[in-house]
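The exercises below are meant to be worked through with the sequence and the coordinates open side by side. Each one sets a task and then follows with a solution in steps.

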Amino acid sequence: MAVRQDVVPGAETTEAQIAVHWKEEEYVYPPAKFIGQANLSDPAIAERFQEKNFPECFREYADMLTWDKYWHTTLDASNPPFWKWFVGGKLNACYNCVDRHLPKYKNKAALIFVPEPEDEPVAFITYQELYTRVNEVAAVLRDFCGLKTGDRVTIHMPMIPELPITMLACARLGIIHSVVFGGFSGEAAGLRAADSGSRVMIYADGYYRNGKIADHKASADIAVEHAEKEGQKIDKVLVWRRHRGQYLSAKPMVEGRDYFMDDILKDFRLRKVDPVSMDAEAPLFLMYTSGTTGKPKGCQHRTGGYLAYVTGTAKYYQDIHPEDVYWCMADIGWITGHSYIVYGPLALAGSSVIFEGVPTYPDAGRPWRIAEQLAVNIFHTSPTAIRMLRKTGPDEPKKYNYHFKHMTTVGEPIEPESWRWYHEVVGKREAAIVDTWWQTENGGFLCSTKPALDPMKPGSAGPPVLGIFPIIYDEQGKEVQAGSGRAGNICIRNPWPGIMQTVWKDDERFVKQYYTKYCKNRESKDWHDWPYFASDGAVLAPDGYYRILGRVDDVINVAGHRLGTKEIESACLTVPGVAEAAVVPVVDEIKGRMPVVYIALRPGVSDGKRVEQEIVTTLETMIGKIARPKAVHIVTDLPKTRSGKIMRRVLAAITNSMDTGDVTTLANPDVVDQIWQEVQGTGPVVKKEGPEDLKRFGEVE
Ligand code: WT7
């Protein structure tokens, strides 16, 4: 096969592609004004967190919390990789985020709710009010629902203050919450509820999005039905009404199952519920995330270690002080929201903004208006949001009088060009910026610059955070050296307090997914033998800064959110007429990556257009709108190995006009040319280079 090795004539190189080729950038230094007020400005911290002080260094984080009983062992690593942190300690997460702040801060805003409609007033919820409301909800959960410590509750809610209030009420009782992102479908929520064994689900009737009311209660009925199909009966659905006494949904309430929270709460006014003193190792919550198999896994996070880790990192890396106005524009339904909208900021007595809407509605000036109106001084968002705001309103920030001292980016690699706009235009060159790399499994940051102590380097996540000791391995398990310019698989050599405990009900999957790849001796009881495999590619610069290249497994990072290709593929296979499905990522200028679906039809099926449309609607109902593919291609056959394995790497290469590499080992090499023809309308035309994650897509099992 003749393959041209030059760049496609006239094809634009998108920002996301530059991300992989960019050169090492010059340092940018944090402003003196920021350094002067930073929580972490003592360089001696590096010494305290040296490897020789591990694991005791993490006492510094745990000591930021209020313990009912102090722990006796900082880390029990005797049963790898099931680490135990702050063993023997007891505490309550809700108490730490609410009650303990009352003496000093009861009249200060804990949560600031910004509704999407601009004519609806902003709600300032003080710590005192939060305390009252959390107690009342805890009373409902305990006395109306009969829930107790250790039970699971699935919360499928949008960005309204009742979401963190409900989470904290669970934490008060030691009920394990499992929040499902509001944008996921009812079916996705139902499956997660069933996996967690929840018999109570909590909903909102509706919410505002892009100027319209979304009927969210409609998802509840679907969720209950699907949970029951999976064998999990849902006894009660509690429904928060977005406007008290007014019902936004078209779906009727089901008698004896569905209850309006505002009605029930009438019987629980000003009720107090003592926080339950929890073991440090008791699970605090589950967060489902996509992995390499079709079924999402419930990442189980512990109480003491998790809370200590998010509090410590929020203090040192987000620089949150009680007097700051902190706005993280993520959704609470993702780990970023759990750690850095709810638990971290509230444990520090911060004021945390909750924004209901989309950042570009009604126009791209909205975030900056909010920042001005509320005097936000710490801002946290994703590269996707930055690219979108830059594209739709590049000059909007200049029109508003706000001042950020600190800014964060999270979720995907950020290309230096977007970083610079963020720094210069959004941040007005006044802010320290941290690019934070981590994952749902990790609880909190793994790589980031210390905002007052380390220079920023556009496009690099930075050095490992305090107490984290990464290593990059190649496929053979050899260390990839700093400055070698070679990419490898980033791993963390040591346990840390924020790491998940296990996959809910699936210890084996936990060990296999994260700890088997580079473990040399499965019998070893020494944590040094158990590196955590992150599934990300990375390059280490000579200065010790890590550049994260993206997933090396078959997870697609869409707008900073994780989708499993197998999850999408199994949904596609439910569409009548589909014989085989393969899903690969394509570079998208705004969202980083998007899924592209390849379909082979069953013999005799000819209505390809119908199949294409049904694929799209099926993905929306089975997973959610975030799974909407950028394209659906019906092809004659999919490239396969002789053993019948679909070669997703080859499809990813064609989709992104990259070199397909050696295809002679395929069982059906001819199909490659056919697909080029069908998909790109040309013969094989390749760009010289492509993003690292696409080159290796689906390779690492
Ligand atoms: C994946 C984790 C916890 C953050 C929200 C996403 C990618 C995350 C960065 C970053 C480059 C990043 C990785 C990671 N990622 N942050 N700063 N730079 N890539 O959590 O849904 O669990 O996804 O997001 O590929 O593995 P998540």
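Two strands are said to pair if DSSP finds at least two bridges between them. The model used throughout is a predicted one.

**Exercise 1. Describe the open sheet that contains E21 and E22, and identify its edge strands.**

Solution. Begin with the pair named in the task: E21 and strand E22, which covers residues 488–492, are joined in the antiparallel sense over four bridges. Within this pairing, Ile 471 stands opposite Cys 491 in E22. Next, extend the view to the whole open sheet, whose four strands follow the order E21-E22-E24-E25 with antiparallel pairing. The edges are then strand E21 (470–473) and E25, since each of these pairs on one side only. Finally, consider the geometry: with direction ignored, neighbouring strands of this sheet are turned by 45° against each other on average.

**Exercise 2. Work out the strand order of the open sheet of seven strands, and say how H13 is placed against its strands.**

Solution. The order of this open sheet is E5-E4-E17-E16-E18-E19-E20, and its pairing is mixed. Strand E5 (123–126) and E20 are the edge strands, each pairing on one side only. From one strand to the next, the twist averages 20°. For a parallel pairing, take strand E18 (residues 378–381) and strand E19 (residues 406–410), which are linked over four bridges; here His 380 stands opposite Thr 408 in E19. The last step brings in the helix: H13 lies across strand E4 (109–114), strand E16 (325–328), strand E17 (351–355), E18 and E19, and runs at about 165° to E16.

**Exercise 3. Characterise the shell around the ligand, first by composition and then by polar contacts.**

Solution. Start with the residues: there are 18 around the ligand, and those that come nearest are Asp 435, Thr 436, Thr 440, Asp 536 and Arg 562. Sorted by character, the shell divides into six nonpolar, seven polar and five charged residues. Now ask which elements supply at least two residues each to this shell; they include helix H13 (335–347), strand E20 (432–436) and strand E25 (546–551). H13 also appeared in the previous exercise, lying across strands that include E16, while E20 appeared there as an edge strand.

For the polar contacts, apply the cut-off of 3.5 Å between N or O atoms. On the side-chain side, a polar atom of Asp 536 lies 2.6 Å from an oxygen atom of the ligand, and a polar side-chain atom of Asn 557 lies 3.2 Å from an oxygen atom of the ligand. On the backbone side, a polar atom of Gly 411 is 3.0 Å from a nitrogen atom of the ligand. To close, turn to surface area: the ligand taken alone exposes 550 Å², and the protein buries 96% of that.

**Exercise 4. Locate the hairpin formed by E9 and E10, and examine its turn.**

Solution. Strand E9 (residues 206–209) and strand E10 (residues 212–215) run antiparallel and are joined by four bridges. In this pairing, Arg 209 stands opposite Lys 212 in E10. Two residues lie between the strands of the hairpin, and in the turn Asn 210 has a positive phi of about 55°.

**Exercise 5. Find backbone features that depart from the usual pattern, and place each of them.**

Solution. As a reference, most residues other than glycine have a negative phi, and most peptide bonds are trans. Against this background, a cis peptide bond joins Phe 54 and Pro 55, with omega of about 0°, and Pro 55 sits in the loop between helix H3 (45–48) and helix H4 (59–62). Another cis peptide bond joins Pro 80 and Pro 81, with omega of about -5°; Pro 81 belongs to the loop between strand E1 (73–76) and strand E2 (84–87). Lastly, Phe 86 has a positive phi, near 55°, and this residue is found in strand E2.

Key
Residues are numbered from 1 along each chain as its sequence is written. This is a predicted model: local features need pLDDT of at least 70, side-chain atom pairs count only at pLDDT 80 or more; totals for chains, interfaces and linings use all residues. Side-chain values use heavy atoms; hydrogens and water are left out. A residue is near a molecule or strand if one of its heavy atoms lies within 4 Å of it. A polar contact is a pair of N or O atoms within 3.5 Å; within protein, one must be able to donate a hydrogen and the other to accept it, and residues adjacent in sequence count only if both atoms are side-chain atoms. Accessible areas come from the Shrake-Rupley method with a 1.4 Å probe; for residues, only the protein chains shown count as cover. Ala, Val, Leu, Ile, Met, Phe, Trp, Tyr, Cys and Pro count as nonpolar, Asp, Glu, Lys and Arg as charged, and the others, Gly among them, as polar. Axes are lines fitted to C-alpha atoms, for helices over the stretch in contact, and angles run from 0 to 180 degrees between N-to-C directions. Contact means heavy atoms within 4.5 Å.
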